[in-house]
Amino acid sequence: QVADCAFTNQMFFTKNEEYSWISIDFGRYKIRPTHYTFAHRAGREVGYYPRNWELHASADGQNWEGVIRHNNDTSLCAEKHVASWPVNRRTDFYSQFRVALDPKGNSWGTSALVVSCFEVYGDWYFEDAK
């Protein structure tokens with residue numbers, strides 16, 4: 001089970017490996033992002049808050065481009081578990097997005113990525129099968 005819609009576990013975390021990432025594949029839905037939201041381990045004060053990471057986008061799952069870069073971003077912390085960021089106006093539509101943590105990119109200096117929510121907002125369309 002990839003998504004926990006009932007919030008029984010309320011989080012996902014990667015192994016402590018460099019360049020840890022999570023992704024969303026929207027299949028035949030294509031999105032031109034305007035904002036995204038990222039949430040850390042809901043309701044818990046345990047650290048591992050992301051500090052250095054990048055949002056990537058792809059139209060095919062093979063070729064990825066950086067959409068927005070975060071360096072020493074302290075938006076997510078013990079007092080605030082959810083944050084949203086605007087994405088500079090893009091002209092391309094994408095079907096896949098990922099959050100990639102830099103090595104030792106969390107608040108405890110490890111490479112584990114802890115997530116309870118990852119959402120992408122923007123304009124969208126559904127690509128019919130050809």
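**Exercise 1. Determine whether Ser58 is buried or exposed, and describe its surroundings.**

Solution. Ser58 has a relative accessibility of 0% and therefore counts as buried, where buried means under 20% relative accessible area, exposed over 50% and partly exposed in between, with a 1.4 Å probe and protein chains only. The model is predicted, so local features need pLDDT of at least 70 and side-chain atom pairs count only at pLDDT 80 or more, whereas totals for chains, interfaces and linings use all residues. Residues are numbered from 1 along each chain as its sequence is written, and side-chain values use heavy atoms, with hydrogens and water left out.

Step 1: Ser58 lies in strand E4; strands (E, at least two residues) and helices (H or I, at least four) are DSSP runs numbered from the N terminus.

Step 2: the side chains of Ser58 and Asp60 form a polar contact of 3.1 Å, that is, a pair of N or O atoms within 3.5 Å, one able to donate a hydrogen and the other to accept it, where residues adjacent in sequence count only if both atoms are side-chain atoms. The Ser58 side chain also reaches the backbone oxygen of Asn63 at 2.8 Å.

Step 3: with neighbours within four places in sequence set aside, Ser58 contacts Asn63, Trp64, Tyr94, Ser95 and Gln96; contact means heavy atoms within 4.5 Å.

**Exercise 2. State which strands form the open sheet, and in what order.**

Solution. Step 1: the protein chain has 0 helices and 9 strands.

Step 2: 3 strands form an open sheet in the order E6-E3-E9, with antiparallel pairing; two strands pair if DSSP finds at least two bridges between them.

Step 3: E6 and E9 are at the edges with a single partner strand each, so one side of each has no neighbour in the sheet. Neighbouring strands of this sheet are turned by 30° against each other on average, direction ignored.

Step 4: E3 and E9 pair over 10 bridges in the antiparallel sense, and Arg32 stands opposite Asp123 in E9.

**Exercise 3. Identify which residues touch the most other members of the largest nonpolar core.**

Solution. Step 1: this core has 22 residues, of which Tyr36, Phe38, Leu55, Trp85, Phe97, Val99 and Phe118 touch the most other members. A nonpolar core is a set of buried Ala, Val, Leu, Ile, Met, Phe, Trp, Tyr and Cys residues joined through side-chain atoms within 4.5 Å.

Step 2: strands E3, E4, E5, E6, E7 and E9 each supply at least two residues of this core.

Step 3: not counting residues up to four places away in sequence, Phe38 touches several residues, including Trp53, Trp85, Val99 and Cys117.

Terms used: Axes fitted to C-alpha atoms, helices over the stretch in contact; angles between N-to-C directions.
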